[in-house]
Amino acid sequence: MKTLTQILTTIVLGMAAINLQAEEWKNFSNFNQINHITVSGNQVWVAARGGLVMYDQATGSKTFYTRAEGLPSLEVERVLVAPSGDIWIGTYDNGLAVKDINSNWSYYTFPEPKTLLYEMKLQGNGDMWCATSEGLYKLHNGVFTAFLNSGQSLNATNTWDIDLFSDGRILCGGFEPFIFNPTTNDTTFLNTTLFAYSKSTVYIQDDSTFYFASDHGTLGKFVNGYEIDTFHFQDRTLDIKEIDGKLLLLNEDKNIYQYNGNAWAATGFAFGLLNTFSNGSSGDIWAGGINADYGKLYHQINPTQTETIDLRRTDAAGNWIVAMSPASDGNVFISHSKGLQKYDVATKAVLESYTLPNNISVLDAIEHNGKLYVGTASQFLYVYSSGQWSQLGVGALPNGSVRDLSVDWEGNIWMTGTNYVAKYDGSQFTLFSHNTDADIPDNLYSRDIYCDSTNQSVWVASYAGISRYHNGDWVLLTDSNTVGIAQYYDVIETIEEDKYRNIWFGTVYGALIKFDGINFSTMFLPITAGNQTVTDIEFTEDKMYVSDNLHGVYIYEAGEWDSLTMNNSKISDNITYALHIDRDGSLWMGHLSFGVDVYNKDGLNPTSIKNTETMSVKVYPNPSTGVFKVSTHAGENGKVAIIDLKGELIEETILMDGEATIDLSGKPTGLYFGVINGELKTQTIRLLLQ
């Protein structure tokens, strides 16, 4: 007897091997917060939340660096250009990295885990000094030495900013200003009227004059170690620099101020919410902004001329990815806070971008009967046809978002709202809620919906449990009324179906529930936490991928768990909300903060693509007492292999013109699998013999 594994192996015989490529990862993140700018000749280096970007003033081109291009983190806090031409970056949460002139990367992780970087300065002798959450670190010849992290006062340990005196001493901004001498290990606190509760800022104008800014709008000027003047601003000082002989200050109130010897005056350079600024090569000023959509780089060429440079890489504004789904042409739809995009699977480039009226957020998208339907953050279902958007559900759908969409075996579109489920048959809506059916709880809080053609059921994931619509009736399945659903794990976030037609439910608190057509069972993730949520589930031939909001992506294969996290891979963010397996077998991962990652261990652009498209199949009656009829809309020819739960082949029948008859009369009652192997497509069905 052939086993199920052997039969499935036979199905995929003849599929060409994937050509190995060097590139395994690709990232699509926007740079929506600029943290630091360094100008070197025509190159403007920008450290941002989202990665590192180099803007070439001569050509106007932008080069983006992400985790896929070598960064240890997308929380890039600082960037410096060494005299050697090496590019140093400091990440907020994963140490330092340097890209040399040959584009080779080296990495330096702080000795203490989870150390956060606040500032870094390059000394003339090549040493790198870092102000961190664990005190001061000096990097010398690739080795860190720690200072001020033990045996010191709390005021010294909390060092938020640093600047370097020419004699090697370090001016530190903590709760109050102090000077640290690394040669003698002495700390000198300065007499001051200022006190900071969180981040303070320091700047050395020359060896005798420096400034200390607290976090609540006050700025002190010090000469020879004594505070000689105090200035008051509406908000805290973010940065101080001397540019072209002028002392400038960036304030959190969006303005850059200039010091005239006894007072500070606004320069008029104010563009949105600025976060940092820097000098150019000829007295010009570069400033970086914070933007909910994507970062903006501002260049003041002269007092009357300013240009704005867009740091957008993708239209997925804000990097907030909520869903991914297949397009009818084999590409992938990505739903996000500003609309919808379709990406080309082969090139990883944007094919089309869709913006809904009033910039409504898209929560899910499906193509059906040649039209594009999207669930939105408004109360309506939208349809895109002939280049126009139209609202559906006006007056029929309650207030609230249309969260998720699925098409049933009859071509109806089902959708979920906060406390309702609706069916759209192409002309009208049928609404299901607690008001129409007592078996639908009034605190449903639905999260996902899936139409199961094998069992002809509609499944709804909700925080009230698993709702199932079958033969015109609703039933709510919870840990209190259903064997196999573990206690407390009936709070459901997502639904997916595997190739064996098992229905899987992702739960809050880190578990998976499987329904095999008869029974429920609960499987726990290897790491669980109280605020953990399984956000999505995807399957390939031999793997299950599970994302959650804390630990990146889990991989389950052959009874073993593995994972993709920020610690062991180039995934950009562990807060992962959406998964998709494309036709190449590449895994697309959508994150809450850092856009989209694409991963394929065999290379992202395989030269040969296996056909994973399934055929549309109807099985009736199902359940049956013996004889099952199979009908495929594709009208294909081929074979149907019948396998029992032991994986043994017990029957084979011919598929002719899309029709087949399966006779299990006299066989033991229970669940069987039918593997339909057509000329171009494959499909697995479940057969329940009564």
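Strands β50 and β51 make a hairpin, with four residues between them. The model is predicted, and this briefing walks through that hairpin, a four-stranded sheet, and a few backbone spots worth a look on your screen.

**The β50-β51 hairpin**

- β50 covers residues 534-539 and is mostly covered, with six of its six residues buried.
- Its partner β51 spans residues 544-548; the two strands run antiparallel and are joined by five bridges.
- To find your bearings in the pairing, look for I537, whose bridge partner in β51 is V546.

**The sheet β46-β47-β48-β49**

- Here four strands line up in the order β46-β47-β48-β49, giving an open sheet with antiparallel pairing.
- β46 and β49 (520-524) are the edge strands, each pairing on one side only.
- From one strand to the next, the twist averages 25°.
- At the β46 edge, five bridges connect β46 with β47 (residues 503-507), and these two strands run antiparallel.
- Within that pairing, E496 sits opposite W504 of β47.
- As a viewing tip, side chains in a regular strand alternate between the two faces of the sheet.

**Two cis peptide bonds in one loop**

- The loop between β57 (617-620) and β58 (627-632) holds P621, and P623 lies in the loop between β57 and β58 as well.
- The bond joining Y620 and P621 is cis, with omega about -15°.
- A cis bond also leads from N622 to P623, where omega is near 15°.

**Positive phi outside glycine**

- N224 is not a glycine, yet its phi is positive, at about 55°.
- You will find N224 in the loop between β20 (218-223) and β21 (226-232).
- Is N224 buried or exposed? N224 has a relative accessibility of 58%, so it counts as exposed.
- Y488 is another residue other than glycine with a positive phi, near 75°.
- Y488 belongs to the loop between β45 (473-477) and β46 (492-497), and β46 is also an edge strand of the open sheet described above.
- With a relative accessible area of 56%, Y488 is exposed too; the cut-off for that label is over 50%.

Notes
Residues numbered from 1 in each chain as written. Predicted model: local features only at pLDDT ≥ 70, side-chain atom pairs only at ≥ 80, totals over all residues. Heavy atoms only, no water. Buried < 20%, exposed > 50% of the residue type's maximum accessible area, 1.4 Å probe, protein only. Pairing = 2+ DSSP bridges. Axes fitted to C-alpha atoms, helices over the stretch in contact; angles between N-to-C directions.
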